[in-house]
Structure formats: structure tokens, C-alpha cells
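Me: I would like to learn how to read the pockets and cavities of a model, together with the confidence that goes with them. Could you take me through the structure below?

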Amino acid sequence: MIRTQRLAAGVCALLATLAAGLAFPAAAEAGEPTSGANAKVDLVLDVSGSMRTRDIDGGTRMAAAKQAFNEVLDATPEDVQLGIRTLGANYAGNDRQTGCKDTAQLYPVSTLDRTEAKTAVATLSPTGWTPIGPALLKAAGDLADGDGSKRIVLITDGEDTCAPLDPCEVAREIAAKGIGMTIDTLGLVPNTKLNKQLSCIAEATGGTYTSVEHTDELTDKVNQLVDRAADPVVTPVATEGAAQCTSAPTLKSGLYSDREEFGQQRWYKVDVDPGKELRASVSVAADRAVSPSYGVLLRAVTVHGREIVRGESAGNGRTDVISTGLRYPKAESDADDAPAETVCLQVTNSFSPAPGVKTTPGMPLELTVDVVDGPSKASDVASFGLGRGWWLLGVLVLVGFVAGLLWGWLSRWRVAVWRTN
């Protein structure tokens, strides 16, 4: 009986080991996290005249913002460099051209002096216009230096009043620069038009939009965003794909960002040594209104144009990001000095813009490239090649057959022993 239990346990362990080889892939180093030591946050606060309105917990919107800022300044992590920028704080006149330039750095992005920052916030008084677009451009400049996490947190109670400089287009231009900057937006008024504009700004850079109606909600959300900036992140490296493989940039393992226009093809190259495996994935975000049917295609092609493998995915408008990926193992070579194979990666999308939507800049594209040890290595996700089609099926059938024979033999042996006894 003990022998039977041990054998059954051994068979189960073997099957579990095979399943684990498929379910838990080896970690791939696709980029190193950026240290949070240089994380930067620029809080952009609307100080326009409408902030005098008394509709947040019995006080003015400005009072709620000041209280929230004071609590956020107390809780800001030591390793976060924080600044405060205002919009509409200084010009109270009616000249639109002057009012749309009214944005200033109240406290520079730097190591935080809490007392000094609080003193600066206390001086604010609701004054003028709402130049959101110009303020975002200036805030991007405030955070331009350094390689760490960069986050703009915009707090406003109204729409931009300085069109035609559309703040949503400004956000897309910031994202198109590939500097890894995120814009989060908080709306102090549950207004449909404002919600739409702030959502568009946030989505353009991969940020978040939140509507808040109470002081504690505002405090909690800003604290959360500041803390998030301190978390280690992998910052994509900006690259620019080519119109054809011959002129495409050669990429190493890592995370890359690019822009792709509607229906456009982008090409990249990766060198794959014998015995290695190329793993690539791509995500394209619809940061503006698009037709509900779309797709993205990722192809691995030889330099002579022969397709090696492809990955594709389709969407129907339920999500604003669509992703796909592929894997290509390069066989081992008997020659020690065998050259690497140049693989061309082609990214194609079938998005189409909704009527009246601008097509430039292109939509955000994020590409992950990783070249790891091939499947012949036991540490690979498909250990011993078991993760590839018929090999897996054959091994599982063989294991099941052997386990069945052993179980049958043991059962007969047990019956014979029972009869003898």
C-alpha cells in the first residue's frame, strides 16, 4: 500500500513539473526599473475666478484645494522632487491674449521645503482665466531634465478657455516626445464636457482621470498619485520605426515607445543569435475617437521578406488599447562563430479615425523586445521543447500510457496478494 501511494505521488509530481514548465515562464529582463530617487511631480492648480465657488464641503473650491495641498505636502515622500504650478493666478483683466499666458511656477520642482511650499500656497487667491494648454506645456518643461519618473497632476474646476490651443492635443504632443511623462487629471465639478476634456488629456499619456467632490477625496487622490511617482518604473526608450526594414533601427532587449499613424506600418530590426529566442509584444492605444472595428498585426520577417511568425489581435471598441505578441526560436548552430540572424519586426494597425478627428500625431505605440535563451535550455518556459505543439502532446500521451501500465500492474499485484492472504 505504501509503495502504491509513493508511485502515485511520483506520477503526480512528474505531471505537476511538466505543467509548471508551461505555466510559469522564466523571467525575461526586458528593461531595468528606473530608481524612484529622481521621481518628479508637478502639481498644476487652477486658480481661475471660478475657484471662488462655494460648493465643496461648505467652503470654496480654492479652500478645499489649499487644505488638500497642505496635507499632501506633509505626506510627500522624501525621495520625490515636487513643484507647484498655477494657471489663472495673476491676471484678473479681460484681455484674452494676456489671460491665456497666465501660468507661473509657484514652487520649483526640487527637494521639498514643506514650510516654504505651504507659505506659497497660502498666498493664492482665485483670479483669472483657465489656460490649461499653456500650463501643461510649461509643466512639461518644468520636468524636462532627468531620467526618473515624471508626473503632472492637473487640478481644475473648468474647461480650458484658451482655444484653439486644445489641451488634449497638447497632451498628445507631450506624449509624442517619448519622454515618459504621465498627466493625471482631477476635476472638481461633475461636468460632462469637463470630464470629456480631462479624460482625453489623461488618456493621451497613459494617466488617470478622477472626478472629486469632497476635500478628503482630493487629498487622498493627490497623495496616491504622488506616492505612485516614487514607485520604480520602467521608462520606455523613445525610438522611431522606419517605413521599410532596410532603414529600420536595430533594437536591443528593452521597452520602446513610438507613434504610429492610422493604417501605417512601422519597421524595426532585432539580431537573434543561434540558440536564442526572440520574444516581442506590441500595444497600440487609441488616444482619440476611432471607428469601432480595428486590429493590430505584429510580424517577424526575414531580411528577404519571408514571414517567420506573426501575432495579431482585433478589437470592437470596448477597449482603447490592443496588444499582441510573438515568439521566434533560432536553432542552435554547429559552428561556434555562426552569425546572428537579423529579424525584421513589422507593426501594422487597422485603426480608422472617427469623423473630424485629427490624425496627427500618431497613436502611442509601446514595443517590448527580449532575446532570451532558446527552448533547448531547461530554464526556459517550454522546458526541453515541451511547449511546442506535437512534442507536448506526445510526451503527455506517453506519460499517461506509462502511468496506466504501472497502475494496472500494481492493481493486479494487490489482488494477487489479497488472494494469497
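Reply: The largest cavity is a good place to begin, keeping in mind that this is a predicted model. The largest cavity is lined by Thr 76, Pro 77, Glu 78, Val 80, Thr 111, Leu 112 and Arg 114, and these lining residues divide into three nonpolar, two polar and two charged.

Me: What volume does the largest cavity have?

Reply: Its volume is about 40 Å³, and the structure holds one cavity of 30 Å³ or more.

Me: Which residues lie closest to the centre of the largest pocket?

Reply: The largest pocket encloses about 870 Å³ of space, and of the 40 residues that line this pocket, Thr 205, Gly 206, Pro 236, Pro 364 and Glu 366 are the closest to its centre. Among the elements giving two or more residues to the lining are helix H6 (167–176), helix H7 (192–204) and strand E10 (254–260), with E10 giving the most, four residues.

Me: How many charged residues are in the lining of the second largest pocket?

Reply: There are 11 charged residues in that lining, beside six nonpolar and two polar ones. The second largest pocket holds about 510 Å³, and H7 gives the most to its lining, with five residues.

Me: Where does pLDDT stay under 50?

Reply: Where pLDDT is low, the predicted coordinates should not be read in detail. Here pLDDT stays under 50 over residues 1–31, and it is also below 50 over residues 377–387, while the mean for the protein chain is 83.

Technical notes:
Residues are numbered from 1 along each chain as its sequence is written. This is a predicted model: local features need pLDDT of at least 70, side-chain atom pairs count only at pLDDT 80 or more; totals for chains, interfaces and linings use all residues. Side-chain values use heavy atoms; hydrogens and water are left out. On a 1 Å grid over the protein atoms alone, a cavity is a set of points where a 1.4 Å probe fits but cannot get out, and a pocket is an open set with protein on both sides within 12 Å along at least five of seven lines; lining residues have an atom within 4 Å of a point. Grid points are joined across faces, edges and corners, and a volume is the space filled by probe spheres set on the points. Ala, Val, Leu, Ile, Met, Phe, Trp, Tyr, Cys and Pro count as nonpolar, Asp, Glu, Lys and Arg as charged, and the others, Gly among them, as polar. pLDDT is the predictor's confidence in each residue, from 0 to 100. Contact means heavy atoms within 4.5 Å.
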